[in-house]
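Hi,

Here is the structure we talked about, for you to open before reading on. My notes on what turned up in it follow below.

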Amino acid sequence: MTLALVFAAAIGLGLVLHRVHVRQSASDEPADPLGGDGMSGAIGFIGGAAAFLLGVLMLASLDHYNATKTVVAEEALAYSAAFDSTDGLDPKDQGVMQRDLICLMRSVATNSWAAAEAEDLRGSANTHAWRRRTSDHADAVDPKTKAQEDSLDTLQSELINASKSGQQRLLAAEGDLPLALWILVFVSIFALISILTALLRFHPSRTLAITSLAATLMISTAMVFTLTTFDEPFNKKDGVFISPRALNAVLVRLQGTYPEAGWGPCEAVADT
């Protein structure tokens, strides 16, 4: 919407500039309209600067997206390692911890992911409640052997790692490009389109002029759309979305490896 308004205003200003120039020159066909007054150099500078800025920001946005995917994978791996570490616990403690971890992972893959989609930095109350329950039950485990103590240490360590990654995932849900950069992008595009519109009005071929302007508009739109898409990695509306596929894959693997664990439905322990 914002970009469409920028385009409309820029084209309108370009048409006004053309009309003013024609009135001042008292001619519809100046001798050298595209090269006169240094306008060709100006549009080259503005166009190059806008393209460079969009390219740099697109790389930064893509880096943000890839870094978020890495965080999501690390979160899934941490839960996987935490679950596997329950092998060394007493059978009774193992059953309790496995059940807690199953429900915690399910809540992360549903409730916490929904919070990321909504860019809700508070996360999910249900997920927080399951995390507290899992941590409390882990603290209550009384290891009898060195092997059980090592397993408990690994479990608690991986829970902490998973919690850190989960917090990073929520923080990464919001775009991190500063407002000043967005203003610079829109100002650059506005200046480029307005000057280009004014100059193309002098072009002898109306078809080529319209095609050139349309191509510039389409490329600018595509670059800004791509920039926005990768800067918001959990926004389903943009078509590029990081799903909880890694965590769901971990759950599938664990269910096949530990079929005797408590895989029944999980109750909600807090409002989502």
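Helices here are DSSP runs of H or I with at least four residues, numbered from the N terminus. By that count, Leu17 sits in helix 1, which covers residues 2-25. Please keep in mind that this is a predicted model.

Let me start at the surface, since we already have Leu17 in view. Together with Leu13, Val16 and Val20, Leu17 makes a nonpolar surface patch of about 290 Å². Leu17 itself counts as partly exposed, because its relative accessibility is 39%.

There is a charged patch to look at too. Arg19, Arg23, Arg201 and Arg206 gather on the surface as a patch of positive charge. Of these, Arg206 belongs to helix 7, residues 206-231. With a relative accessibility of 60%, Arg206 counts as exposed.

Now for the inside. The largest nonpolar core has 38 residues, and the ones touching the most other members are Phe83, Met105 and Leu155. Two or more residues each come from helix 2 (39-84), helix 3 (91-117), helix 4 (125-140), helix 5 (146-172) and helix 8 (245-257). Helix 3 gives the largest share of this core, with 11 residues.

Next, the salt bridges. Side chains of opposite charge can pair when their charged atoms come close. The structure holds seven such bridges, and three of them caught my eye.

The one I'd look at before the others is Glu75 with Arg169, where the closest N and O atoms are 2.8 Å apart. This pair links distant parts of the chain, with Glu75 in helix 2 and Arg169 in helix 5, 94 residues apart. Are the two partners buried or exposed? Both Glu75 and Arg169 are buried.

Then there is Asp84 with Arg253, whose closest N and O atoms are 3.1 Å apart. Asp84 lies in helix 2 and Arg253 in helix 8, so this salt bridge ties together parts that are 169 residues apart in sequence. Asp84 counts as partly exposed, because its relative accessibility is 26%. Arg253 is also partly exposed, at 34% relative accessibility.

The third is a local affair. Lys146 forms a salt bridge with Asp150, and the closest N and O atoms are 2.8 Å apart. Lys146 and Asp150 are four residues apart in helix 5, so about one helical turn separates them. Lys146 is exposed, with a relative accessible area of 55%, whereas Asp150 is partly exposed at 36%.

While you are in helix 5, have a look at Glu149, which is also placed there. Its C-alpha is 8.5 Å from that of Gly88, although Glu149 and Gly88 are 61 residues apart in sequence. Glu149 is partly exposed, with a relative accessible area of 40%.

Two other pairs may help you get your bearings. Lys69, in helix 2, has its C-alpha 27 Å from the C-alpha of Trp263, and the two are 194 residues apart along the chain. Lys69 counts as partly exposed, given its relative accessibility of 43%. Thr226 has its place in helix 7, and its C-alpha is separated from that of Cys266 by 38 Å, with their positions 40 residues apart along the chain. At 25% relative accessible area, Thr226 is partly exposed.

One backbone detail to finish. Which residue has a positive phi although it is not a glycine? That would be Glu119, with a phi of about 55°. Glu119 is in the loop between helix 3 and helix 4, and it is partly exposed, with a relative accessible area of 29%.

If you have time for just a few stops, I'd suggest the buried pair of Glu75 and Arg169, the arginine patch that includes Arg206, and the loop residue Glu119.

Cheers

Conventions
Residues are numbered from 1 along each chain as its sequence is written. This is a predicted model: local features need pLDDT of at least 70, side-chain atom pairs count only at pLDDT 80 or more; totals for chains, interfaces and linings use all residues. Side-chain values use heavy atoms; hydrogens and water are left out. Patches are made of residues with over 30% relative accessible area and no salt bridge: like charges are joined within 9 Å, nonpolar side chains (Val, Leu, Ile, Met, Phe, Trp, Tyr) within 5 Å. Accessible areas come from the Shrake-Rupley method with a 1.4 Å probe; for residues, only the protein chains shown count as cover. A salt bridge is a side-chain nitrogen of Lys or Arg within 4 Å of a carboxyl oxygen of Asp or Glu. Lys and Arg count as positive and Asp and Glu as negative; His and the chain ends are not counted. The place of a charge is taken as NZ of Lys, CZ of Arg, CG of Asp or CD of Glu. Buried means under 20% relative accessible area, exposed over 50%, partly exposed in between (1.4 Å probe, protein chains only). A nonpolar core is a set of buried Ala, Val, Leu, Ile, Met, Phe, Trp, Tyr and Cys residues joined through side-chain atoms within 4.5 Å.
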